[in-house]
Amino acid sequence: MDTFEAKNISISISRPFNDVYEFISNPMNLPKWATGLSGSIKIVNGEWIADSPMGKVKIKFAESNKFGVADHDVTLESGITFHNPMRVLPNKNGSEVVFTLFRQADMTEEKFTTMLIG
């Protein structure tokens, strides 16, 4: 079975789990934490549409849940969809946010590394 190269990116946040999960899983906040993906976002015909460097993209988050799952799909104008696994985990009195970045088949090593370090 073929797989994409994957890297997990995590950050510790000194805020309670519920606060972080609510913030991360609210599509309106996407431009605040995913600046490389979205400059703005709005609801169009019942779907979240973001302006991105790749053009207009549709964003769909996992249903709200108690487990901290904030997975989201990003669908390009071409119809290609990328699944983005993301979790918010309790970390003592704060939280840990973990995002899995998959290196797509056409992504150069340089681009992949740039996405990892920002």
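User: Which strands does α1 lie across?

Analyst: This is a predicted model. In it, α1 lies across β1, β7 and β8, and runs at about 165° to β7.

User: How are those strands arranged, and what is their order?

Analyst: Three strands form an open sheet, ordered β1-β8-β7, with antiparallel pairing. β1 (6–13) and β7 are the edge strands, each pairing on one side only. From one strand to the next, the twist averages 20°.

User: How many bridges hold β1 and β8 as a pair?

Analyst: The antiparallel pairing of β1 and β8 runs over eight bridges. To follow it in the model, start from isoleucine 11, whose bridge partner in β8 is valine 97.

User: What about residues far apart along the chain, such as lysine 7 and phenylalanine 102? How far apart are their C-alpha atoms?

Analyst: Phenylalanine 102 and lysine 7 are 95 residues apart along the chain, and their C-alpha atoms are separated by 6.7 Å. Phenylalanine 102 belongs to strand β8. Its relative accessibility is 28%, so phenylalanine 102 counts as partly exposed.

User: Back to the helix. How do I read an aromatic pair, and how many does the structure hold?

Analyst: Two values describe a pair of aromatic rings: the distance of the centres and the angle of the planes. The structure holds one such pair. Phenylalanine 17 and tyrosine 21 have ring centres 6.3 Å apart and planes at 10°, so the pair is stacked. Planes under 30 degrees apart count as stacked.

User: Where do phenylalanine 17 and tyrosine 21 sit relative to one another in helix α1?

Analyst: Helix α1 covers residues 17–25, and because phenylalanine 17 and tyrosine 21 are four residues apart in it, about one helical turn separates them.

User: Are phenylalanine 17 and tyrosine 21 buried or exposed?

Analyst: The cut-off for buried is a relative accessible area under 20%. Phenylalanine 17 has 16%, so it is buried. Tyrosine 21, at 6% relative accessibility, also counts as buried.

User: Now the sheet of five strands. What is its order?

Analyst: The order is β2-β3-β4-β5-β6, in an open sheet with antiparallel pairing. Its edge strands are β2 and β6 (81–84), each of which pairs on one side only. Here the twist averages 30° from one strand to the next.

User: How do β3 and β4 connect, and how many residues are between them?

Analyst: β3 and β4 form a hairpin, with two residues between them. Five bridges join these antiparallel strands. As a point of reference, alanine 50 stands opposite valine 57 in β4.

User: How many bridges join β4 to β5?

Analyst: Strand β4 (residues 55–61) is joined to β5 by four bridges, and the two run antiparallel. Lysine 60 stands opposite aspartate 73 in β5. Phenylalanine 61 has histidine 72 as its bridge partner in β5.

User: What surrounds histidine 72, and which residues does it touch?

Analyst: Start with its place, which is strand β5 (residues 72–75). Histidine 72 has a relative accessible area of 3%, so it is buried. Leaving out residues up to four places away in sequence, histidine 72 touches Trp33, Ile59, Lys60, Phe61, Phe82, His83, Asn84, Met86 and Phe99.

User: Which backbone oxygen does the side chain of histidine 72 reach?

Analyst: The histidine 72 side chain reaches the backbone oxygen of alanine 70, at 3.1 Å.

User: Next, backbone angles. What is the phi of asparagine 45?

Analyst: Asparagine 45 has a positive phi of about 50°, although it is not a glycine. Asparagine 45 is found in the loop between β2 (40–44) and β3 (47–52). Exposed means over 50% relative accessible area. Asparagine 45 has 77% relative accessibility, so it counts as exposed.

User: And lysine 92: what is its phi, and where does it lie?

Analyst: Lysine 92 is a residue other than glycine with a positive phi, near 55°. The loop between β7 (86–91) and β8 (94–102) holds lysine 92. With a relative accessible area of 78%, lysine 92 is exposed. That loop links back to the first sheet discussed, where β8 and β7 stand next to each other in the order β1-β8-β7.

Definitions and conventions:
Residues are numbered from 1 along each chain as its sequence is written. This is a predicted model: local features need pLDDT of at least 70, side-chain atom pairs count only at pLDDT 80 or more; totals for chains, interfaces and linings use all residues. Side-chain values use heavy atoms; hydrogens and water are left out. Buried means under 20% relative accessible area, exposed over 50%, partly exposed in between (1.4 Å probe, protein chains only). A polar contact is a pair of N or O atoms within 3.5 Å; within protein, one must be able to donate a hydrogen and the other to accept it, and residues adjacent in sequence count only if both atoms are side-chain atoms. Contact means heavy atoms within 4.5 Å. Rings of Phe, Tyr and Trp (its six-membered ring) pair if their centres lie within 6.5 Å; planes under 30 degrees apart count as stacked, over 60 as edge-to-face and the rest as tilted. Two strands pair if DSSP finds at least two bridges between them. Axes are lines fitted to C-alpha atoms, for helices over the stretch in contact, and angles run from 0 to 180 degrees between N-to-C directions.
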